[in-house]
Structures are given as structure tokens and as C-alpha cells.
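This report describes a protein model for a reader who is new to structural analysis. Please examine the sequence and the structure together before reading on.

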Amino acid sequence: MPLGLGLATIAGSVGGFAWWPAALQIVLLYAAGAIACWWMLVRVFGSTPRILVPLTFYLFSPFLVPAVMWWAVAINVVAVQAFLFVLIGSHIEYLRTRRTRWLVIAGIALIFIAGFYAKSLIVTAVLGLFTASYATGPGHPGRRLLEAAKGWWRIWALYVAIGALVVWAYLREDSAGTSGSSGVPDFAGVFESLILRNLIPGLLGGPWSWVDLGGFPRQLSGAPDFAVAAALTVVVGAFAFAIHRWRNAWLPLIFLAPPVAVTFASVASLRSSRFSSLVGLEPRYWGDVLPYFVLALAVSVMAVPGLPLVRRRRNRAPLDVPPTAVAAIALAYVASSLASTLAYVSPWHTDFPARQFVTGAVGNAEAAGAPLTVANVSAPPNVVLGTLYPYNAPGHLFAPSPGLIDAVEAGVDLDILDAWGNPVPARPKADNDVDLVDTRCITGSGRIRLPYKTFDFPFWVTVTATFDASATVFVSAGTEGHTLRVPAGRHALTFRSRGRFDRIDLSIGGTTTACPEAVRIGSELEVAP
């Protein structure tokens with residue numbers, strides 16, 4: 001998102017692998033969201049102790065836990081929290097007062113929301129259904145929607161105008177469109193993972209345990225079956241109690257339906273079709289929906305001053321829950337959430353493979369006093385799980401600090417980085433060396449003929465030869481050529497090819513003679529024995 005990229009630019013401008021700007025942004029974004037949540041609750045419901053219930057729910061929610069350690073989540077999902085709360089609060093104030101200043105604040109907040117997380121534009125649907133449910137008189141749903149549209153048409157016109165402008169901007173920026181799904185969506189599997197195993201336990205501070213994907217601490221909700229069943233029982237029981245106690249206690253379900261449905265549909269159609277239904281176990285997908293759950297909980301325990309009182313007690317309904325019971329429930333929720341949070345963040349404080357790889361490479365470069373020259377090949381799979389070339393290669397991983405690693409596609413006696421970030425000799429991964437047609441020495445220009453012609457693929461090629469003096473050598477295979485400075489002696493010239501080829505051309509500067517000994521071709525590099 002544009003504003004998220006702006007935060008990334010600010011953090012990146014400090015220097016490579018400077019973690020403090022990212023950490024500072026996370027802390028400030030969390031603080032802004034917490035303050036905005038408190039402001040919305042006080043502004044909408046007044047200074048009453050009851051606001052501590054939804055405020056506690058928000059402050060300790062596990063749905064934002066991934067952003068504690070995952071900065072890329074924070075600059076979008078956490079950043080949008082404060083503006084969602086500001087929009088909700090200013091919208092309800094406009095419903096009550098019709099003052100233009102609240103209209104302006106709502107419009108500004110919506111623009112920031114779109115800039116941080118476009119999916120959160122669903123907030124306009126949430127506010128529309130909230131208005132029809134809580135700010136209109138009794139009657140048929142259609143009549144209430146019409147009353148809401150007519151009564152506050154100025155704010156709806158503003159929302160539509162901003163929404164249309166945002167859609168136009170995004171379509172213009174991404175004129176080619178996004179790629180479609182590559183498989184069949186697993187709606188049933190996502191319902192189980194996203195709703196039953198992720199959302200339901202998360203509402204109670206779960207999931208209490210996590211599934212480690214291996215390699216680095218990207219964890220999924222791992223609530224055991226009995227915990228999922230217990231959480232579902234508690235949530236359904238609490239809702240049944242509210243229905244029994246209050247008329248219209250089901251109204252929050254109306255404005256919760258759009259964000260929940262959009263989240264479910266997007267994860268099922270766009271994510272599960274590419275990967276699997278396991279993606280639904282990531283709590284971050286509920287992060288941008290959290291403010292709506294806060295609003296739903298707030299209107300379940302408090303009336304909104306200035307709006308019709310729809311939260312009326314039924315006849316012979318149970319009395320209010322004693323404050324001590326409320327405090328006990330809140331403490332249990334806090335303890336539950338802290339247990340989930342500590343279980344999530346603890347692996348980030350160990351030497352997991354990604355940390356070992358990065359810190360090892362950085363330490364080796366600093367000890368050498370010069371950039372490490374290594375082949376730009378994929379890091380070991382457990383270092384950057386599920387990421388494809390070139391995004392898992394040193395040229396991308398160490399891009400924030402260009403003075404540390406020099407990732408190349410051609411070199412003499414080229415190294416690769418092992419799982420601990422150490423440079424080790426490399427060679428193309430193949431069963432055997434190529435059987436050469438001839439191995440005559442070359443002075444000036446010459447070629448090494450191969451017994452076959454390769455297919456069109458960017459192979460790694462290594463030519464091992466002995467040079468009687470140092471020289472500048474131009475070596476090529478197919479359509480790709482590289483200029484290398486080779487010292488005297490026996491050396492391995494490793495480089496990338498392009499296109500099909502059945503020979504390797506060498507152009508050696510001066511009178512230096514090179515005697516080829518072996519050629520090895522493979523699709524990737526491996527550690528040389």
C-alpha cells in the first residue's frame with residue numbers, strides 16, 4: 001500500500017539492517033491504535049468504566065500478535081487501526097450532531113485508510129449497516145436503510161467519492177491487473193482453519209499454541225481440537241446469554257457480516273487456491289477486522305448516547321453481571337492472550353535459521369573488511385521458506401546493505417553462502433563433469449566443444465583451467481558473456497549461461513595460455529566437496 005511503502009522508505013533510509021527504525025515504527029503504530037481506540041470509546045460512549053471491556057479486548061487481542069515481530073504486517077495492518085477508530089468515532093459523532101467538522105475528519109480518515117490498506121474500505125459498508133441498525137427508528141430493514149441514506153446523504157456522498165477516487169487510482173496504477181488464482185479454492189478447509197481454528201479461539205485470547213512452519217518463526221494458529229471446541233462453546237454461550245438478556249443483541253452481527261465475509265472470501269479464493277487451506281490459520285488476516293469486533297463488543301455492553309436505545313432488557317431477564325465477575329473475565333482474557341503472545345514471540349528470540357544466515361554473513365563481511373563476493377543463488381530452503389528466486393538470493397536479501405554482500409552471476413573460484421552465512425566453494429550441481437570433445441590449450445581466442453547441445457535454460461557453468469599467467473578473460477555460453485580477471489594458476493570460472501549452447505567460447509587477453517581440464521553444468525550451485 002502507498003502509505004505503507006512510505007513507512008518502509010523511512011525505515012530503509014537509515015541504513016541496511018538497522019532494526020531500530022522498524023521497531024520504533026511498530027511501537028508508535030501500536031500506541032496510536034491504542035490511543036485512537038480509547039478516544040473512540042470515550043467519544044462515542046462517554047467516560048464510563050464499561051469502556052474498559054472493549055478497550056481490554058483490543059489491547060490484548062492476539063490478532064495483532066504477528067505484527068509484534070513482523071514489521072511488514074505492522075506498516076499496513078497496525079497502521080490502519082488508528083484511522084479506523086477515528087473514522088468510526090467521527091462517523092457516529094456526525095450521526096448525532098451533523099456537524100461539518102466530523103464529516104471532514106471522517107473523510108480524511110478514510111483517505112488514510114485507503115492509503116494503508118485498501119481492503120479496509122469495507123468500513124464504509126460496516127458504518128452503513130451500523131447507521132441503519134442503530135441510528136434509525138423501528139421498521140422494515142429496507143425502510144431503515146432508506147432512512148439512513150436520506151438522513152445522512154452528505155457523508156455517504158463523501159464516502160462514495162473517496163472510494164471511487166481510490167478505485168480509479170489503483171486501477172490506473174495496476175493497469176495490467178493482478179494474477180488470478182492457480183488452483184481450486186478450498187472453501188470448506190478455509191472455513192475450518194480461518195473461522196473455527198483461528199477466529200473463534202482468537203476472540204478468547206487464543207490460540208494458546210502455534211504451529212511452527214520450520215526454518216523461521218512464521219507460525220500458524222495451532223489450537224488443539226478440545227480448545228477449539230471449548231472456545232466455540234464459550235462464544236456461542238455468551239451470544240445466547242446476550243440474546244436472552246437483551247432485545248436486539250444480535251444487531252452487531254449485521255455490521256460484522258461484510259468484513260468477515262470479505263476476509264473469508266479473499267483468503268479462500270486468493271490464498272487457499274495458491275497454497276492450501278492452512279493459510280487460514282494466520283491470525284494476521286483478522287487484524288484489520290479487529291476494530292469492528294471492538295465496536296460490536298462495545299455496543300453489546302453499552303448504549304450509544306444520542307442514538308435510539310435498541311439495547312433494551314427483556315422481561316425477567318438476568319440482572320447485570322457483577323463488576324467482580326466482569327473483572328475476573330477480563331483478567332482471564334488477559335492471561336489467555338499473554339500466554340498466546342509469549343508462545344508466539346519466544347521462537348523469535350532463538351537462533352533460528354534466517355537469523356543464523358544473516359548474522360553469519362554480516363559477521364563474515366565485517367571481519368573481512370570488504371564485501372563478500374558470492375554467487376547470487378537461492379539461500380538454503382530453511383532460511384527463506386516458500387520464497388522463489390530471485391527473492392531468496394543474497395542479491396535481494398542483503399539489498400538493504402549493499403556494502404556487505406556482492407552477489408554476482410560470474411566469478412573466479414566463486415563461493416556460495418551456506419546455511420550459517422559462511423562463504424564456501426561452489427560448483428554446478430550435476431552427476432558428473434561433461435565429457436569434453438577435446439582439451440587443447442587455448443591462447444588468444446578458442447572454444448571448448450561439448451558433446452551435446454543444452455536446452456534454453458539459465459544454467460550454471462564452471463570451467464576449470466590452468467593459466468600460465470594472469471589475464472582478463474571473456475567467457476561466454478549461448479548468448480551470455482562475462483569478463484573475469486583470472487590470476488595465474490588453476491582456477492574455476494563459474495558463470496550463468498543464457499540460451500542454448502554446445503560450446504564455451506574463451507577470449508584471453510595478452511599471450512596467456514589456458515589449459516581447460518573440466519567443465520561442469522547444472523541448474524543450480526552446490527557446495528563443492
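**The nonpolar cores**

The model is predicted. Its largest nonpolar core has 81 residues, of which F45, L87, F130, F255 and Y292 touch the most other members. Helix α5 (residues 71-97) supplies the largest share of this core, namely 15 residues. A second core, separate from this one, contains 26 residues, including I448, L450, F501 and I508.

F255 may serve as an example of a residue in the largest core. Leaving aside residues up to four places away in sequence, F255 touches V126, L129, F130, Y134, Y292, L295, A296 and V299.

**A mostly covered helix**

How many of the 17 residues of helix α10 are buried? Helix α10 (residues 187-203) has 12 buried residues, and the helix is therefore described as mostly covered, where buried means under 20% relative accessible area. Among the buried residues of α10 are G189, V190, L194, I195 and L203. Against which elements do the buried residues of α10 pack? They pack against the helices α3 (52-59), α11 (225-245), α12 (252-272), α13 (290-301) and α14 (323-345), and also against strand β2 (219-221).

L203 also allows a comparison of sequence with space: V160 and L203 are 43 residues apart in sequence, and their C-alpha atoms are 32 Å apart. V160 belongs to helix α9 (residues 153-173). Whereas L203 is buried, V160 counts as exposed because its relative accessibility is 58%.

**Backbone features in loops**

Most residues other than glycine have a negative phi, and most peptide bonds are trans. Several places in this model are listed below with their backbone angles.

| Place | Backbone angle |
|---|---|
| G205 | phi near 95 degrees |
| G206 to P207 | omega near 20 degrees |
| W208 | phi near 75 degrees |
| D413 | phi about 50 degrees |

G205 follows α10 and has a positive phi. The peptide bond from G206 to P207 is cis, and P207 is located in the loop between α10 and β1 (210-212). W208 lies in the loop between α10 and β1 as well; its phi is positive although W208 is not a glycine. D413, also a residue other than glycine with a positive phi, is in the loop between β5 and β6 (415-417).

Are these two residues buried or exposed, or do they fall in between? W208 counts as partly exposed because its relative accessibility is 31%. D413 is likewise partly exposed, with a relative accessible area of 41%.

**An open sheet**

Strands of a sheet pair through backbone hydrogen bonds, either parallel or antiparallel. In this model, 5 strands form an open sheet with antiparallel pairing, and their order is β5-β13-β10-β15-β8. Why is one side of β5 and of β8 left without a neighbour in the sheet? β5 (410-412) and β8 (442-443) stand at the edges and have a single partner strand each, so one side of each remains without a neighbour. The pairing of β8 with strand β15 (residues 513-522) is antiparallel and extends over 2 bridges. Within this pair, I442 stands opposite A514 in β15.

**A nonpolar patch on the surface**

Nonpolar residues are also found on the surface: L3, V104, I108 and F112 form a patch there, with about 310 Å² of accessible area together. Helix α6 (residues 100-116) contributes the largest share of the patch, 3 residues. An α-helix has 3.6 residues a turn, so residues three or four places apart point the same way. F112 lies in helix α6 and counts as partly exposed because its relative accessibility is 34%.

How values were computed
Residues numbered from 1 in each chain as written. Predicted model: local features only at pLDDT ≥ 70, side-chain atom pairs only at ≥ 80, totals over all residues. Heavy atoms only, no water. Pairing = 2+ DSSP bridges. Helix = DSSP H or I, 4+ residues; strand = E, 2+ residues; numbered from the N terminus. Patch = residues over 30% accessible without salt bridge, like charges linked within 9 Å, V, L, I, M, F, W, Y side chains within 5 Å. Areas by Shrake-Rupley, 256 points an atom, 1.4 Å probe, with all protein chains shown as cover. Salt bridge = Lys/Arg side-chain N within 4 Å of Asp/Glu carboxyl O. Buried < 20%, exposed > 50% of the residue type's maximum accessible area, 1.4 Å probe, protein only. Core = buried A, V, L, I, M, F, W, Y, C linked by side-chain atoms within 4.5 Å. Contact = heavy atoms within 4.5 Å.
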